[in-house]
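Trainee: I am new to this structure and would like a close look at a single part of it, the aromatic rings. Please take me through what sits around them.

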Amino acid sequence: MSLIAITEVKKRFGDNEVLKGINLDVDPGEVIAVIGRSGSGKSTLLRCINGLEMIDDGSITVAGAQLLPDDVHLKALRLKVGMIFQQFNLFPHCTAGGNVMLAQMVVKKTSKTEAEAIARRMLDRVGLGHKFDAYPDQLSGGQQQRVAIARALAMQPIALLCDEITSALDPELVNEVLAVVRELAADGMTLMMVTHEMRFARDVCSRVVFMHEGRVHEIGPPEEVFASPRTPELRHFLGAI
C-alpha cells in the first residue's frame, strides 16, 4: 500500500490552475526527486500534501487517511508528514536545542525533559550535538538548515517533504545538508524533494518526477529519466541546467 497517494489533484489560484490533475503514489522508504522549471507546480504540490494549501479537486491520502481540511485532520497529518523549507524559519531568540524542543512541547505536549533528550539525539543525528546551546545567528546557513531538519525529525514523521532546502545556501554549504538527507534516505526515511541538485537526484533518489506546466510530465528511475528523456520538454530542461 502506498504511503502517500495523490489522485487527480488540482489546485487553482484564482484563474491560474497550478496543478492540473496530478497522480502520484509514493511507497514507504522511497526517495522521490521532483524537478522542473520554476512555476511548474513543484512546491505547490508539496504544500498540498502537507495541508498548507487546500486542493480544489482530487484526493490525497497519507498512511491510509484522507487529507481533509478541518483542524483535527490537518494536525494529525502534520504529525505524520514533516516539511522543510528553503528558509530555515528558526526562532532567533531560541537556541538550536530550544528550536528543536519547541514544537514537541507545544504540538505533542511532550515533557521538557523528554523533548530535550529527543532534541539532543536529533541534533547528534545531523552532526550538531555540540551546537545545542548556540543561537541561530551563531550558526552558518548550512548549520541552521540542519537544525531545521532536526526539528522536523524530532516530531517522528513517517515522511519528509523537502522544498528546495539547499537553494538559500552558499555553494560550499550545500553538501553538508545533502549529506544529512543522504543518511536519512539510507536509514529508510520516505522523502519527497523538490530540488535542482541533479547529481543528488541521480545518485540517491528511487524515482524522478519531472513536472511541466502543472502536470507530471515524465516519471521513472533516475538512470532512465536522465539518460533517456522521452519528451522534448524534459530534454530541453536537462540541457539548460
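Mentor: Start with K11, whose charged end sits over the ring of F13, at 4.9 Å from the ring's centre. A second arrangement of this kind involves R202 and F226: the charged end of R202 sits over the F226 ring, 4.6 Å from its centre. Keep in mind that the model is predicted, and that these distances are computed from it.

Next come rings that pair with rings. Searching the whole structure gives 1 aromatic pair. Its members are F210 and F237, with 5.5 Å from centre to centre and 35° between the planes, and the pair is tilted. It is called tilted because planes under 30 degrees apart would count as stacked and those over 60 as edge-to-face. The two residues are 27 apart and link distant parts of the chain: F210 lies in strand β9, residues 207-212, while F237 lies in helix α9, residues 232-239.

Are the two partners buried or exposed? F210 has a relative accessible area of 1%, so it is buried. F237, at 4% relative accessibility, counts as buried too. Both values fall under the 20% cut-off for that word.

For a view away from the rings, turn to helix α5, residues 141-154. With 14 residues at 1.5 Å a residue, α5 should span 20 Å, and its end C-alpha atoms are 20 Å apart, so the two agree. The helix is mostly covered, as 14 of its 14 residues are buried. After α5 comes Q156, which has a positive phi, near 55°.

Key: Residues numbered from 1 in each chain as written. Predicted model: local features only at pLDDT ≥ 70, side-chain atom pairs only at ≥ 80, totals over all residues. Heavy atoms only, no water. Phe/Tyr/Trp six-rings, centres within 6.5 Å; stacked < 30°, edge-to-face > 60°. Helix = DSSP H or I, 4+ residues; strand = E, 2+ residues; numbered from the N terminus. Buried < 20%, exposed > 50% of the residue type's maximum accessible area, 1.4 Å probe, protein only. Lys NZ or Arg CZ within 6 Å of the ring centre and 35° of its normal. Expected span 1.5 Å × (residues − 1).
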